[in-house]
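Biologist: I'd like to walk through a protein model with you and ask some questions as we go. Could you pull it up first?

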Amino acid sequence: MKIVTKDKAANIINSDTSKLLEYSVELNDKDIDFAINTINGRYPETGYCSNTKCKELAYILEGSGLLNKKDEYLEFNQGDLLLIDKEEVYYWEGNCKIIMICTPAWYKEQCKLISEEDMK
């Protein structure tokens, strides 16, 4: 059993549009992680992203927006839950606060950024 208090969570600025309260650094568990992501605008700011190793469960704590795949748009609102499978290609657009749980645990090297040009 473990506890990570809020004061031990890391504040991480992913980009101008994405800021994380990351509990996973202190949790130190390779099988699962937890973060709160605040998105204001589009993330990534250009192109798309993909989690190459983990599934992501995203609960919309506040706000609304769109999860954009190449040919599909999923509109979400406060209280909704999204499941993003590994290797799905997408970007976020909105003003929202999202609880994110990944399994296995997310790490920066498995996040792949994909340009608009590569999506054609």
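What follows is a short round of questions and answers about this model.

Biologist: Before we start, what kind of model is this, and what ground rules apply?

Modeller: It's a predicted model, where local features need pLDDT of at least 70 and side-chain atom pairs count only at pLDDT 80 or more, while totals for chains, interfaces and linings use all residues. Residues are numbered from 1 along each chain as its sequence is written, and side-chain values use heavy atoms, with hydrogens and water left out.

Biologist: Let's go to the core. Which element gives the most residues to the largest nonpolar core?

Modeller: A nonpolar core here is a set of buried Ala, Val, Leu, Ile, Met, Phe, Trp, Tyr and Cys residues joined through side-chain atoms within 4.5 Å, and buried means under 20% relative accessible area, with exposed over 50% and partly exposed in between (1.4 Å probe, protein chains only). The largest one has 14 residues, and those with the most contacts inside it are I39, L67, F76, L82, Y90, W92 and I98. Two or more residues come from each of β3 (33-43), β5 (55-68), β7 (81-84) and β8, where strands are DSSP runs of E, at least two residues, numbered from the N terminus. The top contributor, with five residues, is β8.

Biologist: How many residues are in the other core, the one apart from it?

Modeller: That core includes L21, Y23, I36 and I99. Its residue count is six.

Biologist: On to the rings. What is the angle between the planes of Y48 and Y91?

Modeller: Rings of Phe, Tyr and Trp (its six-membered ring) pair if their centres lie within 6.5 Å; planes under 30 degrees apart count as stacked, over 60 as edge-to-face and the rest as tilted. The structure holds four such pairs. Y48 and Y91 make one of them, edge-to-face at 5.2 Å centre to centre, and this pair links strand β4 (residues 48-51) to strand β8 across 43 residues of chain. The angle between their planes is 70°.

Biologist: Why do Y48 and Y91 both count as buried?

Modeller: Y48 counts as buried because its relative accessible area is 8%. Y91 is buried too, because its value is 11%.

Biologist: What is the centre-to-centre distance in the pair of F76 and W92?

Modeller: F76 sits in strand β6 (residues 73-77) and W92 in strand β8, 16 residues apart, and both are buried. F76, Y90 and W92 form one aromatic cluster. The F76 and W92 rings are edge-to-face, with 80° between the planes and a centre-to-centre distance of 5.6 Å.

Biologist: How many disulfides does a search of the whole structure find?

Modeller: You'd need a pair of cysteine sulfur atoms within 2.5 Å. The sulfur of C49 is 5.2 Å from the closest cysteine sulfur, in C111, so that's too far for a bond. C96 is 13 Å from its closest one, in C49, so no bond there either. The search total is zero.

Biologist: Which backbone nitrogen does the side chain of Q110 reach?

Modeller: Q110 is in the loop between β8 (89-103) and β9 (111-114), and it counts as buried because its relative accessible area is 2%. Contact means heavy atoms within 4.5 Å, and beyond four places in sequence Q110 touches S50, N51, T52, K53 and C54. At 3.1 Å, its side chain reaches the backbone nitrogen of K53.

Biologist: And which backbone oxygen does the side chain of S50 reach?

Modeller: S50 is in strand β4 and counts as buried because its relative accessibility is 4%. Leaving out residues up to four places away, it touches E87, E88, V89, Q110, C111, K112 and I114. At 3.1 Å, the S50 side chain reaches the backbone oxygen of E88.

Biologist: Last one, on the hairpin. Which residue in β2 is the bridge partner of A10?

Modeller: Strands pair if DSSP finds at least two bridges between them, and five bridges join β1 (residues 10-15) to β2 (residues 18-22), which run antiparallel. A hairpin connects β1 to β2 through two residues. The residue bridged to A10 is also in contact with A9, I12, F34 and A35. That partner is E22.

Definitions and conventions. Helices (H or I, at least four residues) and strands (E, at least two) are DSSP runs, numbered from the N terminus. A polar contact is a pair of N or O atoms within 3.5 Å; within protein, one must be able to donate a hydrogen and the other to accept it, and residues adjacent in sequence count only if both atoms are side-chain atoms.
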